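Grab a pencil and have the sequence and structure open beside you. Try each exercise before you read its solution.

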Amino acid sequence: MSPDRAEIAGTGAAIVFHVALIAALSTSLAHMAQAPEPPSMEVELVDDVGLQSAAPQTVSTPPPPSEAPEMGQAIEPAPTPPPEPVTAPSVPAPKPMITSQTAQKPQKPTATPRQAPAKPAPRVSRIGDDFLKGITGSDAPSRPARQSGATFDAKAKASVAALFQRLVQPCADNQVNPGSGANRIRVTVNLRLRPNGSLASASVVRVSGVDDDNASYEERVKDLAVAVYRECAPFRGLPPDLYKTDQGGWSNINLTYKLP
Amino acid sequence: MPEFQASNDMMSPLTLFLHADIVVKVVMLGLLAASIWTWAIIFTHSIRLKRINRATEKYEADFWAADDIDAFHTKRSNEKLPSAAILTAGMDEWRRSTRTRNIDRSGTRERLATRMNAAVAAELDRLGDRLNILATVGSVAPFVGLFGTVWGIMRSFTSIAAQNNTSLAVVAPGIAEALFATAIGLFAAIPAVIAYNRLTHGLDRLEARLSRFADRFHATLSRELEAEG
């Protein structure tokens, strides 16, 4: 009797033990320290072998406002005249004097100022005017906020980008180009860094520049891109106060890589 | 929350199992069954051996403290213990041999020794049942796991050839799944080997203990035999 009971108990214990073990492995034990994915903002850095990264971003923010007013002027020239006389008072000022002398002339001068501002130097003044208008318009509240955030970020980004470039360059230079055209592929890798600068994870988020010639190298270049950062892994000398800020930081960073 | 994350984890045993090839799956299931069986035997035999050791010690102490062997035998011979079986074998042979008027002393001694040794051997056979399974699992499971791994890696390399892609991302999951088979094989084999050695050692000690009891009882009966004459 008792041996049978022992056998049943033993078998039951063994099954329970295995089920518990598998459950434990499935839940926590084998859970390989996957970073808890902090919802930190991403800092978009286009770190590259070339220096295209910081420059396009800083330049790209100012152009839009300047373009928009210009377009506005070009599209609607009729409503603009009222400000024109104001902006260029020196031109019309003498003209009224002339108009007082001749009745027909005033019409012409008024016509000429319309045409003239479009052609000559006054452009600068017009742009300035419209630019102000645009800013004082609906975009006014949002734009200053963006600009202040962006400029602050841009500075921090630029310094961090330069740092990263200096740190990554030696490893990037070691990479061997697997074939022709492979250096046209740009791989953006998302790096998660620990406060001590070591690499928590690196994953490819974007690939661009893949065409028919270099499509076969895409996976290889992806691997190389990740390998570059893994190789250089502990990134020393990064400013600790920029690890995590409201606008992001180097704890969570996207770096774009291209083969030399 | 971590449970849900874990279900997507690459290292989760269930994930590794579900992604594996059918052959590797069969190997994994077989090894898991072997592991469960191994642990069932380990638990059963460990508990039984411990219980028998404790009970035997008490039984023998009571036996040597008893004044009347016959009375002790009639009272406690039905206990499910190796010592009780040896005692029953000895007393049975004693009663049969001493039933006649002319007692062959040397022959009786020989028969008593034989019967009791046979009883010891029978008890050990019963207790050592299924230990061979531990030995088999211990020696074969790693090879079975290795077979699963080799098969899985073959399949991984075939997929590399098929995709024309040497990226680690193509090869790595297959190899991880394949290696999981070896992991299960070792997981089954290591406890099996340890338990086999430990349980064999425990049985050896029990055998020595039972032999000493049988020898001592034989000596007692032998002394009685001289007194009979």
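**Exercise 1.** Work out how far apart in the helix A:Lys222 and A:Glu219 are, and how exposed A:Glu219 is.

*Solution.* Step one: look at the side chains in this predicted model. Those of A:Lys222 and A:Glu219 form a salt bridge, with 3.5 Å from N to O. Step two: check the cut-off, which asks for a nitrogen of Lys or Arg within 4 Å of a carboxyl oxygen of Asp or Glu. Step three: find the pair in the chain. Both sit in helix α9 (residues 218-231) of chain A, and because they are three residues apart, about one helical turn separates them. Step four: read off the accessibility. A:Glu219 comes out at 26%, so it is partly exposed. If you go on to count salt bridges over all chains by this rule, you should reach 17.

**Exercise 2.** Which parts of chain B does the salt bridge between B:Arg209 and B:Glu60 link, and is B:Glu60 buried or exposed?

*Solution.* Start with the distance: the closest N and O atoms of B:Arg209 and B:Glu60 are 3.9 Å apart. Now place the two partners: B:Arg209 belongs to helix α8 (residues 168-228) of chain B and B:Glu60 to helix α3 of chain B, so this pair, 149 residues apart, ties together distant parts of the chain. Helix α3 of chain B covers residues 22-65. Next, the burial: the cut-off for buried is under 20% relative accessible area, and B:Glu60 has 10%, so it is buried. Last, look around B:Glu60. Leaving out residues up to four places away in sequence, it touches B:Ser83, B:Arg209, B:Leu210 and B:Phe213.

**Exercise 3.** Compare the exposure of B:Arg111 with that of B:Glu93, then find the network they belong to.

*Solution.* First, the link: B:Arg111 and B:Glu93 make a salt bridge whose closest N and O atoms are 3.0 Å apart. Their positions show that this pair also joins distant parts of the chain: B:Arg111 is in helix α6 (residues 105-127) of chain B and B:Glu93 in helix α5 (residues 82-97) of chain B, 18 residues apart. Then the exposure: B:Arg111 is partly exposed at 38%, whereas B:Glu93 is buried at 8%. Finally, follow the shared partners: salt bridges connect B:Asp92, B:Glu93, B:Arg96, B:Arg111 and B:Arg115 in one network.

**Exercise 4.** Describe how α3(B) packs against helix α4 of chain B, and sort the contact residues by class.

*Solution.* Begin with the geometry: helix α4 spans residues 69-76, its axis lies 9 Å from that of α3(B), and the angle is about 145 degrees. Now list who meets whom: α3(B) brings B:Tyr59, B:Asp62 and B:Phe63, while α4(B) brings B:Ile69, B:Phe72 and B:Arg76. Sorting them gives four nonpolar residues, two charged ones and no polar ones.

**Exercise 5.** Which element of chain B has the lowest mean pLDDT, and which the highest?

*Solution.* Take the whole chain before its parts: chain B has a mean pLDDT of 88, and 95% of its residues reach 70 or more. Going element by element, helix α1 (residues 2-6) of chain B is lowest with 34, and α3(B) is highest with 93. Then check the start of the chain: over residues 1-8 of chain B pLDDT stays under 50, and the model gives this stretch seven contacts beyond four places in sequence.

Technical notes: Residues numbered from 1 in each chain as written. Chains lettered and ligands numbered in written order. Predicted model: local features only at pLDDT ≥ 70, side-chain atom pairs only at ≥ 80, totals over all residues. Heavy atoms only, no water. Helix = DSSP H or I, 4+ residues; strand = E, 2+ residues; numbered from the N terminus. Buried < 20%, exposed > 50% of the residue type's maximum accessible area, 1.4 Å probe, protein only. Contact = heavy atoms within 4.5 Å. Salt bridge = Lys/Arg side-chain N within 4 Å of Asp/Glu carboxyl O. Axes fitted to C-alpha atoms, helices over the stretch in contact; angles between N-to-C directions. Nonpolar A, V, L, I, M, F, W, Y, C, P; charged D, E, K, R; others polar. pLDDT = per-residue confidence, 0-100.
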